[in-house]
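This report describes the architecture, the nonpolar cores and the charged pairs of one protein model. Please read it alongside the sequence and the coordinates.

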Amino acid sequence: MYIVFMDISDLPGDALKLIGSELGIETALDLIRVCGGMTIYIPVKLGKEATRKRLHEIKGVKTVPQIAKELGVSGQTVYNHLHDSSEKRDFGIRTW
């Protein structure tokens with residue numbers, strides 16, 4: 001833990017300023033300490049397996065458009081993940 005005597009504007013780079021403002025300056029400083037000098041890629045969307053796992057956690061609870069919005073994918077992608085008729089029946093999707 002740090003005793004912070006700095007402002008978010010003191011952090012180097014826009015990415016760390018964003019992290020500092022959204023997650024706290026201590027988190028930004030921890031990232032500098034732990035990951036300083038590394039190049040870190042943060043994907044825009046969940047990977048295919050993570051999307052499928054989350055979809056199965058929430059199927060039957062939310063509608064296809066709600067799921068698509070939450071996962072950041074299209075409604076068609078949700079349907080594609082539910083490709084076989086048994087999954088579609090479980091999800092309440094008409095297959096005819």
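## Contacts and overall architecture

In this predicted model, residues 24 or more positions apart account for 31% of the contacts with a separation of 6 or more. The protein contains 6 helices and 0 strands, and its pattern along the sequence is α-α-α-α-α-α.

Of the 96 residues, 24% are buried. The accessible surface amounts to about 7,300 Å², and carbon and sulfur atoms contribute 57% of that area.

## The largest nonpolar core

The largest nonpolar core consists of 9 residues: Leu-55, Ile-58, Val-64, Ile-67, Ala-68, Leu-71, Val-73, Val-78 and Leu-82. Helices α3 and α4 each provide at least two residues of this core, and α4 gives the most, with 4 residues.

One member of this core, Val-73, touches Thr-51, Ala-68 and Val-78 when residues up to four places away in sequence are set aside. A second, separate core of 6 residues includes Leu-16, Ile-19, Ile-25 and Leu-29.

## The two faces of helix α4

Which residues of α4 are buried? They are Val-64, Ile-67, Ala-68 and Leu-71. These residues lie on the same side of α4, because they cover an arc of only 100° around the axis. Each of the four is also listed in the largest nonpolar core.

The face of α4 turned away from this buried side carries the exposed residues Pro-65 and Lys-69. Helix α4 is followed by Gly-72, which has a positive phi near 70°.

## Gly-20 in helix α1

Gly-20 is located in helix α1, which spans residues 14-23. Is Gly-20 buried or exposed? Its relative accessible area is 4%, so Gly-20 counts as buried, the cut-off for this class being under 20%.

Leaving out residues up to four places away in sequence, Gly-20 touches Ile-8, Leu-11, Ile-25 and Ala-28. One of these partners, Ile-25, is included in the second nonpolar core. Between Gly-20 and Ser-9, which are 11 residues apart along the chain, the C-alpha separation is 9.1 Å.

## Salt bridges centred on Arg-54

The structure holds 4 salt bridges. In one of them, the side chains of Glu-57 and Arg-54 meet with an N to O distance of 3.2 Å. Both residues belong to helix α3, where they are 3 residues apart, about one turn of the helix. Glu-57 is partly exposed at 48% relative accessibility, and Arg-54 is likewise classed as partly exposed, with a relative accessible area of 28%.

Arg-54 also forms a salt bridge with Glu-70, with an N to O distance of 2.8 Å. Because Glu-70 lies in helix α4 (residues 64-71) and Arg-54 in helix α3, this pair ties together parts that are 16 residues apart in sequence. The relative accessible area of Glu-70 is 34%, which makes this residue partly exposed. Through salt bridges that share partners, Arg-54, Glu-57, Lys-62 and Glu-70 are joined into one network.

## The salt bridge within helix α2

Arg-33 and Asp-30 form another salt bridge, in which the closest N and O atoms are 3.7 Å apart. How are the two residues placed in helix α2? They are 3 residues apart, so about one helical turn separates them. Their accessibility classes are as follows: Arg-33 counts as exposed at 57% relative accessibility, whereas Asp-30 counts as partly exposed at 31%.

## A nonpolar surface patch

Leu-31, Met-38, Ile-40 and Ile-42 make a nonpolar surface patch of about 410 Å². Among them, Ile-40 is placed in the loop between α2 (25-35) and α3 (48-58).

## Summary

Helix α4 has a place in several of the features described above. It gives 4 residues to the largest nonpolar core, bears the exposed residues Pro-65 and Lys-69 on the face turned away from its buried side, and contains Glu-70, which pairs with Arg-54 of helix α3. Helix α3 in turn supplies at least two residues of that core and holds both Glu-57 and Arg-54. In helix α1, Gly-20 is buried and touches residues including Leu-11 and Ala-28.

Definitions and conventions
Residues are numbered from 1 along each chain as its sequence is written. This is a predicted model: local features need pLDDT of at least 70, side-chain atom pairs count only at pLDDT 80 or more; totals for chains, interfaces and linings use all residues. Side-chain values use heavy atoms; hydrogens and water are left out. Buried means under 20% relative accessible area, exposed over 50%, partly exposed in between (1.4 Å probe, protein chains only). Contact means heavy atoms within 4.5 Å. Accessible areas come from the Shrake-Rupley method with a 1.4 Å probe; for residues, only the protein chains shown count as cover. Patches are made of residues with over 30% relative accessible area and no salt bridge: like charges are joined within 9 Å, nonpolar side chains (Val, Leu, Ile, Met, Phe, Trp, Tyr) within 5 Å. The arc is that of the directions from the helix axis to the C-beta atoms. A nonpolar core is a set of buried Ala, Val, Leu, Ile, Met, Phe, Trp, Tyr and Cys residues joined through side-chain atoms within 4.5 Å.
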